[in-house]
Amino acid sequence: MYDRRGVTVSNQYSARKDKVEARLNAAPLRSERENFLSHLRKQGTPEDHVRILATRIVEINRLLDMTAVRVVDATELDRAIEKGMDRLRADPVRKVAPSSAQTLRVTARRWLRFNNCLAVMDKPKPPFNGILFEFLSYIEATRGPQSSSINTSQGQLSHFMEWAAHRRSQLSDVSLNDIDDWIRSKRQAGVQPRSIQSYCCSLRAFYRWANVEGWTEQKIALGIKSPRIPKADRTPKGPLWADVRRLIDSITGSSRSALRFKVIVLLSSIYGLRNVEVRRLTLDDFNWESAIMTVRRAKGGRLQQFPIQYEVGEAILQYLQHGRPKSRSRTLLLSIRAPFREMHGCLLPAMIRDRLKSLNIESQYRGVHALRHACATELLHQGSCLTDIAGFLGHKTLTSVGIYAKLDESSLRMVADFSLGGLL
């Protein structure tokens, strides 16, 4: 194939490629750029994307007038990117997408951080930050570094302390009335009683620890009362099992995201795994010879083993063969785009919530816990006792599964209709 000048297209492409490579080789900071690109390749970044980033980094260095490694602050970086955008907008041929500036900024930050030359601005520390850090360290030491309580407590207590700092200068000055006002503000903002109950649990645990450490008085922890949660609610919190099967059957296709999503839904519904338990699964947790899967429970850190159900095993193998990107990470479920790493905690609930909505499946719970609830309810309907369900879901006591007993109306009616006349 030839162009108008009689030059073959392949030769033309080769000449353009050689020209680009020569320009990259002649650009400043060649060794640093090669180290960064090698780092991206090790993370699993596709080669075509690496080539794009190689050209983009040269443009970033030119905008920053950076011929040697030096410290760059955020203000200088923003000015340089805006200067580059102005030049592109003035070009009558090239088009500038709305996301071009952000794309260039993200690449620049990754490049500068890799070389430790991005100046980090000191952010204002949250109020009572030192005390909160010590409390979170205490939780990590007593419950383990992977305890789900760490992130939950950090988020809830940070909100409380930020609010309390506007009233009091020290933690010891915060009174029980202040805590009541904060809980009341949450209730007025529309926070549900069960969420407020979780806030109260975090506050009680914090103030018990603070009392032992001498930060506050004991009466603070004793005075924090959780709202009463109705126990007679028979409304199913999760979808019907027929709708769960419809959700599973709706996941088709051979794309990476579809194969991964099917594994997530099956693990959450067939085994009733929690969000963090699904994300923590590693390749070493599956013994394919004996068809056994090992799960690290989020609460208590106990190990529990399950037989690998055929449908789940087939979905996992399909994902491993055709969906999971090549990575040194041993985590089972990885991100779709490089750098490949463990999935973020908020991603799984969003994926399930969107699919339930698109299928018009009714459920009070909309995330991973909806499938866990549906799993427990189906086990009860199939005749499993509460003790077996509690063990299957990883609960230590029957208290957490007592809610499912209220959903089995057929069993309750059998008990109610039983006559004691012949026994009297």
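Me: pLDDT is the confidence that the predictor assigns to each residue, on a scale from 0 to 100. What pLDDT does this predicted model average over the protein?
Reply: The model is predicted, and its average pLDDT is 82. A score of at least 70 is reached by 84% of the residues. Over residues 409–424, however, the pLDDT is below 50. That stretch has 4 contacts in the model beyond near neighbours in sequence. Where pLDDT is low, the predicted coordinates should not be read in detail.

Me: How many helices and strands does the protein have, and what percentage of its residues count as buried?
Reply: The protein has 19 helices and 3 strands. Of its 424 residues, 38% count as buried. Among contacts with a separation of 6 or more, 59% are between residues 24 or more positions apart.

Me: Why is Phe160 called buried?
Reply: The relative accessibility of Phe160 is 1%. A residue is buried when the value is under 20%, so Phe160 meets the condition.

Me: What makes Thr103 partly exposed?
Reply: Thr103, which is found in helix 5 (residues 100–114), has a relative accessibility of 34%. Buried requires a value under 20% and exposed one over 50%; 34% lies in between, and Thr103 therefore counts as partly exposed. Its C-alpha atom is separated by 9.8 Å from that of Arg56, and the two residues are 47 residues apart along the chain.

Me: How do you know that the length of helix 8 agrees with what is expected?
Reply: Helix 8 (residues 176–188) has 13 residues, which at 1.5 Å a residue should span 18 Å. The expected span takes one less than the number of residues. The end C-alpha atoms of helix 8 are 18 Å apart, so the two values agree. After helix 8 comes Gly190, which has a positive phi, near 95 degrees.

Me: Which residues of helix 8 are buried, and what places them on the same side?
Reply: Asp178, Ile179, Trp182, Ile183 and Lys186 are the buried residues of helix 8. Around the axis they cover an arc of only 135 degrees, and therefore they lie on the same side of the helix. The face turned away from the buried side carries Asn177 and Gln188, which are exposed.

Me: Why is the aromatic pair of Phe160 and Trp182 called edge-to-face?
Reply: The ring centres of Phe160 and Trp182 are 5.2 Å apart, and the planes make an angle of 70 degrees. Pairing asks for centres within 6.5 Å, and edge-to-face for planes over 60 degrees apart, so both conditions are met. Phe160 belongs to helix 7 (residues 148–164) and Trp182 to helix 8, so the pair links parts of the chain 22 residues apart. Trp182 is buried because its relative accessible area is 2%.

Me: What makes the pair of Phe206 and Trp209 tilted?
Reply: The planes of Phe206 and Trp209 are 35 degrees apart, and the centres lie at 6.0 Å. Stacked requires under 30 degrees and edge-to-face over 60, so this pair is tilted. The two residues are 3 residues apart in helix 9 (residues 193–213), which means a separation of about one helical turn. Phe206 counts as buried at 0% relative accessibility, as does Trp209 at 7%. Both belong to one aromatic cluster together with Phe135, Tyr138 and Tyr207.

Me: How do you know that the buried residues of helix 11 share the same side?
Reply: In helix 11 (residues 241–249) the buried residues are Asp243, Val244, Leu247 and Ile248. Their arc around the axis is only 145 degrees, which puts them on the same side. Ala242 and Asp249, on the other side, are exposed. The buried residues pack against helix 12 (256–270), helix 14 (310–323), helix 15 (347–358) and helix 16 (368–381).

Me: Which residues touch the most other members of the largest nonpolar core, and which helix supplies its largest share?
Reply: This core has 38 residues, of which Val263, Leu267, Tyr271, Leu281, Met293, Leu332 and Leu333 touch the most other members. At least two residues each come from helix 11, helix 12, strand 2 (292–296), helix 14, helix 15 and helix 16. Helix 12 provides the largest share, 8 residues. A second, separate core has 28 residues, including Ile57, Met85, Ala101 and Leu104.

Terms used. Residues are numbered from 1 along each chain as its sequence is written. This is a predicted model: local features need pLDDT of at least 70, side-chain atom pairs count only at pLDDT 80 or more; totals for chains, interfaces and linings use all residues. Side-chain values use heavy atoms; hydrogens and water are left out. Buried means under 20% relative accessible area, exposed over 50%, partly exposed in between (1.4 Å probe, protein chains only). Helices (H or I, at least four residues) and strands (E, at least two) are DSSP runs, numbered from the N terminus. The arc is that of the directions from the helix axis to the C-beta atoms. Contact means heavy atoms within 4.5 Å. A nonpolar core is a set of buried Ala, Val, Leu, Ile, Met, Phe, Trp, Tyr and Cys residues joined through side-chain atoms within 4.5 Å.
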